Amino acid sequence: MKYSILSKTSKYWLALLVAGFAFWWYSQPFIWFGLIMATLSGGFTFLILRARRKEQLQRILFIGLFVVFLGTILTVIFVDNTAVAFMDWVTRHTIDYYRAGESARSTIFPCTLTVSQVFLGRAAYFFPSTGSWIVSFPSTNNAFWLAMIPFGVTILVFGRSFCGWICPFGGLPEAMVTGKKERWQLGFLMRKIDIGCGQSYMGLKDWVKDVKYGVLLACMLLAIFLVFPVVCVLCPALWLTSMPVFWIVIALMVVFAIILPFMSKKRWWCQICPLGALLALFDKISLFRVRIDRQKCDRCMDCVYECRIYALEPKAVDTTGKPNEDCLRCGRCIEACPEDAIDVYFMGTSLKVRTLFISLCVIAVIAWYIWFIYILLGKVL
């Protein structure tokens, strides 16, 4: 028998939990800003938990996250004549695992390793004089591994659903897949699967699914031989250390995050992203899983056609009832199912936890992006 956690925890209390976390996380140094964030996040959580079409509000959150991320980068570079200071920082920025003997320093430019320091209490916002952060960068090898704990916890809790809810880059391809008209079929990347009754499904060829693992391996080898943290691969500061690398990354983003998603209505950036590949490797030990109740399923395949990352195929519907490791938990398949046969479950149990999962996703977004929100706030004030 499958049952829902809603029998124990109401949507109202989950929204209050999110609001309380937002207030605690954002009330330093401004209590009034903590109240604003608590109101916005708690209200949004209550709306999305009550909404019949949760996926629509999820897209608003996801795309909004990308807008905040991009707006922060552009603000740091171009507002108040900080472009020169930013490029000077990039030039002097030592991309390394740790810096022996380095003490706390002030910065307004967040990099991968400094962002995680917020969780460890080693970064504090200092607004009155500079609007910057006082950060303790990892100064030993042990301190570096300590800085990896927030990343590890996020991976273990969310798995590949990070790519569907929390990734700051993911909102761009998600925005581009708006609409229904598929202008490009990209048949050379597909294999045709007959599902009976005169219907067929175009799924990805196996080698296309494996491209992201090749990209991940290449990034890891580069990190080893060029001696930079693999966690810095998605950091714009690393790209800017070499202009050819910068323009290659920008070209890849234009093609795979803008053009291909717009033309095919699928999320192609996730098919080449090294972070997505890493998350897929650990997805089986994450806490939340999407699963089909095969007793309710009538094999209409609406869920299969709705998936934007080819994570759910007809064979899975007929056999395991589970999407593959690329599932983003975005909720499209859940809301496309006319029989309410799909839901989010806690690991391998029968406990439905979609409402709890969504609440934790909102909390993760609040927690990870405090740096970016405060940078924008500092520029406004």
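1. Ala, Val, Leu, Ile, Met, Phe, Trp, Tyr, Cys and Pro count as nonpolar; Asp, Glu, Lys and Arg count as charged; the others, Gly among them, count as polar. By these classes, the lining of the second largest cavity has 10 nonpolar, no polar and three charged residues.

2. This is a predicted model: local features need pLDDT of at least 70, side-chain atom pairs count only at pLDDT 80 or more, and totals for chains, interfaces and linings use all residues. Residues are numbered from 1 along each chain as its sequence is written, and side-chain values use heavy atoms, with hydrogens and water left out.

3. Now the terms for empty space. On a 1 Å grid over the protein atoms alone, a cavity is a set of points where a 1.4 Å probe fits but cannot get out. A pocket is an open set with protein on both sides within 12 Å along at least five of seven lines. Lining residues have an atom within 4 Å of a point. Points are joined across faces, edges and corners, and a volume is the space filled by probe spheres set on the points.

4. The structure holds five cavities of 30 Å³ or more. The largest has a volume of about 160 Å³. Its lining counts 17 residues, and Cys307, Arg308, Ile309, Leu328 and Cys330 are the closest to its centre. The classes there are 11 nonpolar, one polar and five charged.

5. The second largest cavity holds about 80 Å³ of space. It is lined by 13 residues; closest to its centre are Cys297, Cys300, Cys303, Cys337 and Ile342.

6. The largest pocket has a volume of about 1,200 Å³. Of its 45 lining residues, Thr112, Phe151, Val231, Leu234 and Leu275 lie nearest the centre. The lining has 41 nonpolar, four polar and no charged residues.

7. Look next at helix α13, residues 243–264 (helices are DSSP runs of H or I, at least four residues, and strands are runs of E, at least two, numbered from the N terminus). The expected span is 1.5 Å times one less than the number of residues. For the 22 residues of α13 that gives 32 Å, and the end C-alpha atoms are 30 Å apart, which agrees.

8. Which residues of α13 are buried (under 20% relative accessible area with a 1.4 Å probe, protein chains only; exposed is over 50%, partly exposed in between)? They are Phe246, Val249, Met253, Ala257, Leu260, Pro261, Met263 and Ser264. Just after α13, Lys265 takes a positive phi of about 65°.
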